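Q: I am learning to read protein models, and I would like to take a careful look at one enclosed space inside this one.
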Amino acid sequence: MLLCDKCDRGYHMYCLRPIVARVPAGSWFCPNCKADPIKEFPLVQTKIIDFFRIQRSSQAAHASLLESRKRKKRSTSLIVSKKKRRLLPFIPSNDQARRLQQMGSLATALTTSGVEFSDKLTYMPGMAPRSANRPALEKGGMQIMSREDKASLELCQAMCKAGEWPPLLVVFDSCEGFTVEADGCIKDLTIITEYVGDVDYLKNREKDEGDSMMTLLSTGNPSTTLVVCPDKRSNVARFINGINNHTP
């Protein structure tokens, strides 16, 4: 049980969202007492483009991206008929204004949380080096992506770089904090984002209070097992702890 140092109310550590794994050092304030007013990120296209470092592609590049999406859509039915459980690329919202709002909600969540936007794994000094991320170390062997799944992933990466966004909204809940909800229908096995952040050894994070670490490389040894830590740099994955289906 934790007692708030401001209002003296008691909270069960594992009932809090995010949970508190161990008693914090120093003062602790409950979600109501520590809540700061959320400053909405301005829904200005140029600011959104700069924040997410969106590439200003040429008309030819944009046309090529649209053609890739069409080819993927045409081939999906054939692939599914042969083999099930293929990964699908996300389908962005058609409404450009709505897409801007989706991106703005993520920018608001990131800036409020003090997290820098990143769309790739980062290797920082003092943490695990890039050379430590070797598939050969994976206990039991690394699963290999099929050619079709890799094509879906690459299409999603290209769409995000061009400002084509998955239909997701980051919303704030007084109990859950920032969380993600689907802003439209998303089919099963759809790629919505890559889990990114700082890469570190598990041994360095065993007493970490972070609530959203994910295993990147499991070797069976905490000294070589790698985890992704999205507390400083990340994308929408930082706030995904279960996506709620959106019902208008």
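From which element does the largest share of the lining of the second largest cavity come?

A: The largest share comes from E5, which supplies three residues of that lining. Before the details, please keep in mind that this is a predicted model, in which local features need pLDDT of at least 70 and side-chain atom pairs count only at pLDDT 80 or more, while totals for chains, interfaces and linings use all residues. Residues are numbered from 1 along each chain as its sequence is written, and side-chain values use heavy atoms, with hydrogens and water left out.

Rolling a probe the size of a water molecule over the atoms shows where empty space is left. On a 1 Å grid over the protein atoms alone, a cavity is a set of points where a 1.4 Å probe fits but cannot get out, whereas a pocket is an open set with protein on both sides within 12 Å along at least five of seven lines, and in both cases lining residues have an atom within 4 Å of a point. A search of the whole structure finds two cavities of 30 Å³ or more, and the second largest of them has a volume of about 30 Å³, where volume means the space filled by probe spheres set on grid points that are joined across faces, edges and corners.

The residues that line this cavity are Gln102, Leu106, Trp165, Leu168, Leu169, Val170 and Val236. Two elements give two or more residues each to this lining, namely helix H4 (96–113) and strand E5 (168–173); helices (H or I, at least four residues) and strands (E, at least two) are DSSP runs numbered from the N terminus. Sorted by class, the lining holds six nonpolar residues, one polar residue and no charged ones, with Ala, Val, Leu, Ile, Met, Phe, Trp, Tyr, Cys and Pro counted as nonpolar, Asp, Glu, Lys and Arg as charged, and the others, Gly among them, as polar.

An open space makes a useful comparison. The second largest pocket has a volume of about 940 Å³ and is lined by 25 residues, of which Met142, Met145, Leu153, Glu194 and Leu216 lie nearest its centre. Helix H5 (147–161) and strand E9 (214–217) each supply at least two residues of the pocket lining, which by class has 13 nonpolar, seven polar and five charged residues.

We can also look at Phe51, which has its place in helix H2 (residues 45–51). Phe51 counts as buried because its relative accessible area is 19%, and buried means under 20%, exposed over 50% and partly exposed in between, with a 1.4 Å probe and protein chains only. Leaving aside neighbours within four places in sequence, Phe51 is in contact (heavy atoms within 4.5 Å) with Phe41, Ala107, Leu110, Thr111 and Phe117. The C-alpha atoms of Phe51 and Glu116, which are 65 residues apart along the chain, are separated by 9.4 Å.

For the wider setting, the chain has five helices and 11 strands, and 37% of its 248 residues count as buried. Among contacts in the chain between residues at least 6 apart in sequence, 70% join residues at least 24 apart.
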